[in-house]
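Got the viewer open and a selection box ready? Let's take a walk through this one, stop by stop.

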Amino acid sequence: MKFGKEFASQMVPEWQEAYMDYDYLKTLLKELQRFKHRNKPPPTPGGLKRKLTLYRAFSGLTQRHHNPTSPSSPDIESQPILVSSVNRNGSQSYETTFLMSSEEGGEYEMVYFRRLDDEFNKVEKFYKGKVQEVLKEADVLNKQMDALIAFRIKVENPPGINFDSSVEMTRLASDIAASAAALSAATPSGARSTSKKAPHLEAIEESIHGQAADDDDDDEEGNTPIQEPKPQKPKIKVVVPASLEVLDRVKMNNTLETPRSTIKGVLKVPNHTDLSFSRENLRKVEEQLKRAFVVFYQKLRLLKSYSFLNTLAFSKIMKKYDKITSRNASKSYMKMVDNSYLGSSDEVTKLMERVETTFIKHFSNANRAKGMNILRPKTKRERHRITFSTGFFAGCLASLVLSLILIIRARNIMDSGGRTVYMETMFPLYSLFGFVVLHMVMYAINIYYWRKYRVNYAFIFGFKPGTELGYRQVLLVSFVVGALALASVHFNLDMEMDPNTKDYEAFTELLPLFLVLFIFIILFLPFNILYRSSRFFLLTCLFHCICAPLYKVTLPDFFLADQFTSQVQAFRSLEFYICYYVWGDFTQRENTCKDSTVYKTFYFIVAVLPYLCRLLQCLRRLFEEKDPLQGYNGLKYFLTISAVCLRTAYSINKGIGWRIIAWIISAIAAIFCTYWDFVYDWGLLNRHSKNRWLRDKLLVPHKKIYFGAMGLNVLLRFAWLQTVLNFKFPLHPETLTTLVASLEIIRRGIWNFFRLENEHLNNAGKYRAFKSVPLPFNYDEDEDKDD
């Protein structure tokens, strides 16, 4: 793989704009190369042209004399560039002066070096800012660790810990002061000069001879006479306990989001509680800090990778420049890169080592292998059995579809007398599986294209690293469900009752119910099999959707609720399951569901529930964020609720008045929703964008894809028109309803891709590659700062 592709594949997606623009610099070099080829002198006629180096004096096989190059040597004087450091607006930056601008093509090289400097200054500024951020976070984690250790001492009360307030506490204070001094000196020069000082994250065990050793080093640096070595006393390690006084200034953060915490927030009750020294609280605190350290370590790893990749990219691009121009400029430029903050700063490496030491000691029971497996989880490999199983069940599904078509044609089922009863009873039961499988297939397609265009969907949804499902896993689950559903359809194709028993076979009639129960059992299975992490994540988001206003609204919650708004017909199928198997006679395929007032009432309620959930989520966000856009978004769902209710009432009553009202409200809701999709969910229709009527940044390189998606979204959004305008199709009403519901699911799948693309670009615009992790302790001085 070429370096340009490898470089792009290794980037942090949200930091992509902060990396060196390698492709553009390559473009400048290609222009320079084309210019040199156009102006290349014609080759001299005659014999073979030989390099001039073949005629230089032989330097010998061994170098007998080493003469270092003097500053005035020709090699230094012939350097094509001069790199210098300048101060601009109070910040240090680098500027390259091209010394051979008078040569032919010099203007191309000047443009190249000007852009190269811009890229390097951008990279170094970003890196320096991120390093300062992680140093501040390290300081916060220092305080959290002090509180944790003191909390642990209070809970476990370990033997052999004696406190001497006059000696031990004074010494601990001096150690903490030394640590703070080391942190404040975190600059390239300062970091190198203080590399032997106390680390950021203090350990519990310290040597009582540590300070004496430092004093001996200071004495050696002076001009003191050499004395005979004194016999060393054995170093005895003692436990220096953490200061318990820190607990007087600390309260516990109530980070668990519950309905109770929501009510407290409405009533303006403080979210901090006094310390309760129990083992359960200690376990919770350790889990929270463990999670915080893992996220912090991931930041450090990405920063280290960012520095390495950009340094390597500058080296590669300068080698290309030397190759094209036959100059030797890379050595001078890379010397500047190596001496800059980007190349010489070692704060990140030191912090990584200290985090590893602290994490292994305090959160992994001193087990290094276990701790490093948590800090550096192994990348999930694609297993061949997943690919094989996906292909196998896809083949089974295709075979079952083909055999079903052949059976229907061979037995002339479409012309049988029991066809109407089958379509009104069994077809709605099996259509539920069709909706679920179609939605999962669309989600698998979304995952495939999110990965292709480097949309960080795992970060956006908040999946734990390594637990997110790939498109193959999602396809596997959908094909398994589809194959089971079609297999049960094959067993349940009887159009006529048994002439002997005068009813249908009970087992085959119960197959759809058994399959639904099987899916729910798998979904709630507590064992660590069948993607338990993903199942529990789905159930958690589902519970948050049900209790919409009582939980803080996150993107996975309202994204799942949006999916449910496209599955209204699936919820109605579940309602029919309950009515058919509880109050109907499934052995006779008879039911009175559609004549029941209760069923009709719940027919409205079931259709409204997903939209009502989104409306409550918007109101919760409006209350918390005070963003008027959430109010307008809630108005959109209120209009949609009204349109759904009116269309449902018209489908039941069939009156001209219901038809006119349903048509007007549905048209207003559809226009409002379409505009919201394009402008706010997808970020399109920007007239002043450099991509006219789209947006400035596009991940899909073909603009026609966006315009096509907008047109298809409008077309599928208005598919409800057939329920109001009574278009005449030669199809059974249940079939037509299923087709319209399927079109809505396809529209939702298209919406999903562009919605997450827009969210990813918003994250990238703010360089937001990590979510904030709640910390267990809150210091009093933090509250004072907030005030």
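**Stop one: loops with positive phi**

Select Asn365, which counts as exposed at 72% relative accessibility; exposed means over 50% relative accessible area, buried under 20%, and partly exposed in between (1.4 Å probe, protein chains only). A word on what you are looking at: this is a predicted model, where local features need pLDDT of at least 70 and side-chain atom pairs count only at pLDDT 80 or more, while totals for chains, interfaces and linings use all residues. Residues are numbered from 1 along each chain as its sequence is written, and side-chain values use heavy atoms, with hydrogens and water left out.

Back to Asn365: this residue sits in the loop between helix H12 (347-363) and helix H13 (368-375). Helices (H or I, at least four residues) and strands (E, at least two) are DSSP runs, numbered from the N terminus. Check the backbone here, since phi of Asn365 is near 55°, a positive value in a residue other than glycine.

Now jump to Lys502, in the loop between helix H17 (471-491) and helix H18 (506-523). Phi of Lys502 is positive too, near 60°, and at 55% relative accessibility the residue counts as exposed.

**Stop two: helix H4**

Select residues 106-156 to light up helix H4. What span should its 51 residues have at 1.5 Å a residue? They should cover 75 Å, and the end C-alpha atoms are 73 Å apart, which agrees. The expected span is 1.5 Å times one less than the number of residues in the helix. Step one residue past the end and you land on Asn157, whose phi is positive, near 45°.

**Stop three: helix H20**

Next, select residues 555-565, helix H20. Of its 11 residues, 10 are buried, so the helix is largely enclosed by the rest of the structure. Color the buried set if you like: Leu555, Pro556, Asp557, Phe558, Phe559, Leu560, Ala561, Asp562, Gln563 and Thr565.

**Stop four: the cysteines**

How many disulfides does the structure hold? There is one, where a disulfide is a pair of cysteine sulfur atoms within 2.5 Å. Show Cys579 and Cys593 as sticks: they form the disulfide, with their sulfur atoms 1.9 Å apart. Cys579 belongs to helix H21 (residues 568-583), while Cys593 is in the loop between H21 and helix H22 (597-625), and the two are 14 residues apart. Is the disulfide left-handed or right-handed? The torsion about the S-S bond is about -115°, so the disulfide is left-handed. Cys579 and Cys593 are both buried.

While the sulfurs are showing, add Cys545 and Cys613. The closest cysteine sulfur to that of Cys545 is in Cys613, 4.4 Å away, too far for a bond. Cys545 is buried, with a relative accessible area of 4%. For another cysteine, pick Cys645, which is partly exposed at a relative accessible area of 24%.

**Stop five: Thr648 and a nonpolar patch**

Move on to Thr648 in helix H23. Thr648 is buried, with a relative accessible area of 5%. Which residues does Thr648 touch, not counting those up to four places away in sequence? They are Arg572, Tyr603 and Phe604, with contact meaning heavy atoms within 4.5 Å.

Then switch to a surface view and select Leu629, Tyr632, Tyr675, Tyr680, Leu685, Trp693 and Phe707, a nonpolar patch with about 670 Å² of accessible area together. Helix H23 (628-653) and helix H24 (656-681) are the elements that give two or more residues to the patch. Tyr680 is found in helix H24 and is partly exposed, with a relative accessible area of 36%.

Patches here are made of residues with over 30% relative accessible area and no salt bridge; like charges are joined within 9 Å, nonpolar side chains (Val, Leu, Ile, Met, Phe, Trp, Tyr) within 5 Å. A salt bridge is a side-chain nitrogen of Lys or Arg within 4 Å of a carboxyl oxygen of Asp or Glu. The areas come from the Shrake-Rupley method with a 1.4 Å probe; for residues, only the protein chains shown count as cover.

**Last stop: Pro733, then zoom out**

Select Pro733 in helix H27 (residues 733-765), exposed at 56% relative accessibility. Draw a C-alpha to C-alpha distance to Met423: the two are 9.1 Å apart in space and 310 residues apart in sequence.

Finally, show the whole chain, with its 28 helices and seven strands. Buried residues make up 41% of its 787 residues. Among contacts with a separation of 6 or more, 76% join residues 24 or more positions apart. The accessible surface comes to about 45200 Å², with 59% of that belonging to carbon and sulfur atoms.
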